[in-house]
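Subject: The structure, and what turned up in it

Hi,

Here is the structure I promised to pass on to you. Have a look at it first, and then read on for my notes.

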Amino acid sequence: MQIIKRYLPKPKYPDTPLEWMYLKTKEVLCLIQKLIDGELVNQVNNNCGVSKITNTIAHIRKYIGYENIVNVRVDGLRCDCYELVRTPKAIAKMIELREIIAAKFREPLKGKK
């Protein structure tokens, strides 16, 4: 895999609110862990089970900061890969997000009484 360039795209719809429905799945936890571990994730071979990775990345960027995940163009792939910027602040925010999502799984299910 030869990396052609790393870049930060122009933000689209920066005023939209963070929607947790895109983030509260176990596949997203796997995706976050791969980003924390320093792996490149993409739509084609992300092997973490997220079917539409761009929506998930957009909402992760809203939580941790837009500049903390960069797009990576790789030779031979038609889509971009995503990579976490390796700063202590970015890693700490990702770990915080992972813990928030994991806590949502430990909550009891809400149902009729």
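Below is what I found, going from the overall layout to the helix packing, the salt bridges and two single residues.

One thing to keep in mind from the start: this is a predicted model.

**Overall layout**

The chain holds three helices and four strands. Read from the N terminus, these elements follow the order β-α-β-α-β-β-α. The chain has 113 residues, and 35% of them count as buried. If you take the contacts in the chain with a separation of 6 or more, 67% of them come from residues 24 or more positions apart.

**How the helices pack**

Helix H1 (residues 26-36) packs with both of the other helices, H2 and H3.

Let me begin with H2, which covers residues 53-64. The axes of H1 and H2 come within 12 Å and cross at roughly 65°, so the two helices are roughly perpendicular to each other. Their crossing is right-handed. On the H1 side, the residues that take part are Val28, Leu31, Ile32 and Leu35, and they meet Ile53, Thr56, Ile57 and Ile60 of H2. Sorted by class, this contact has seven nonpolar residues, one polar and no charged.

Helix H3 spans residues 88-106, and its axis is 10 Å from that of H1, at an angle of about 160°. H1 and H3 are therefore roughly antiparallel to each other. Here the crossing is left-handed. H1 brings Lys26, Val28, Leu29, Ile32, Gln33, Leu35 and Ile36 to this contact, while H3 brings Met94, Ile95, Leu97, Arg98, Ile101, Ala102 and Phe105. By class, that gives 11 nonpolar, one polar and two charged residues.

If you want to see where H1 faces both partners, Val28, Ile32 and Leu35 are listed in its contact with H2 and also in its contact with H3.

**Salt bridges**

How many salt bridges does a search of the whole structure find? There are four, and I will go through three of them here, as side chains of opposite charge can pair when their charged atoms come close.

The pair of glutamate 83 and arginine 6 has its closest N and O atoms 2.7 Å apart. Glutamate 83 belongs to strand S4 (residues 81-84) and arginine 6 to strand S1 (residues 3-7), so this salt bridge ties together parts that are 77 residues apart in sequence. Glutamate 83 is buried, at a relative accessible area of 14%, whereas arginine 6 is partly exposed at 47%.

Aspartate 80 pairs with arginine 73, with 2.9 Å between the closest N and O atoms. Aspartate 80 is buried, with a relative accessible area of 12%, and arginine 73 is partly exposed at 25%.

Lysine 34 and glutamate 39 also form a salt bridge, at 3.7 Å from N to O. In this pair lysine 34 is the buried partner, at 15% relative accessible area, and glutamate 39 is partly exposed at 34%.

**Two residues to look at**

Is threonine 56 buried or exposed? Threonine 56 sits in helix H2 and is buried, with a relative accessible area of 4%. Apart from neighbours within four places in sequence, threonine 56 is in contact with Tyr22, Leu23, Val28, Leu31 and Val50. Val28 and Leu31 will be familiar from the list of H1 residues that meet H2.

The other one is asparagine 68, in the loop between H2 and strand S3 (69-74). Asparagine 68 is a buried residue as well, at 7% relative accessibility. Not counting residues up to four places away in sequence, asparagine 68 touches Glu83, Leu84, Val85 and Ala90. Glu83 is the residue that forms the salt bridge with arginine 6, and the helix H3 range of 88-106 takes in Ala90. The C-alpha atoms of asparagine 68 and threonine 87 are 8.3 Å apart in space, and the two residues are 19 apart in sequence.

That is what I have for you. Happy to go through any of it together.

Best wishes

Note on methods:
Residues numbered from 1 in each chain as written. Predicted model: local features only at pLDDT ≥ 70, side-chain atom pairs only at ≥ 80, totals over all residues. Heavy atoms only, no water. Salt bridge = Lys/Arg side-chain N within 4 Å of Asp/Glu carboxyl O. Buried < 20%, exposed > 50% of the residue type's maximum accessible area, 1.4 Å probe, protein only. Axes fitted to C-alpha atoms, helices over the stretch in contact; angles between N-to-C directions. Parallel < 35°, antiparallel > 145°, perpendicular 65-115°, else oblique. Left-handed = near helix turned anticlockwise from the far one by under 90°. Contact = heavy atoms within 4.5 Å. Nonpolar A, V, L, I, M, F, W, Y, C, P; charged D, E, K, R; others polar.
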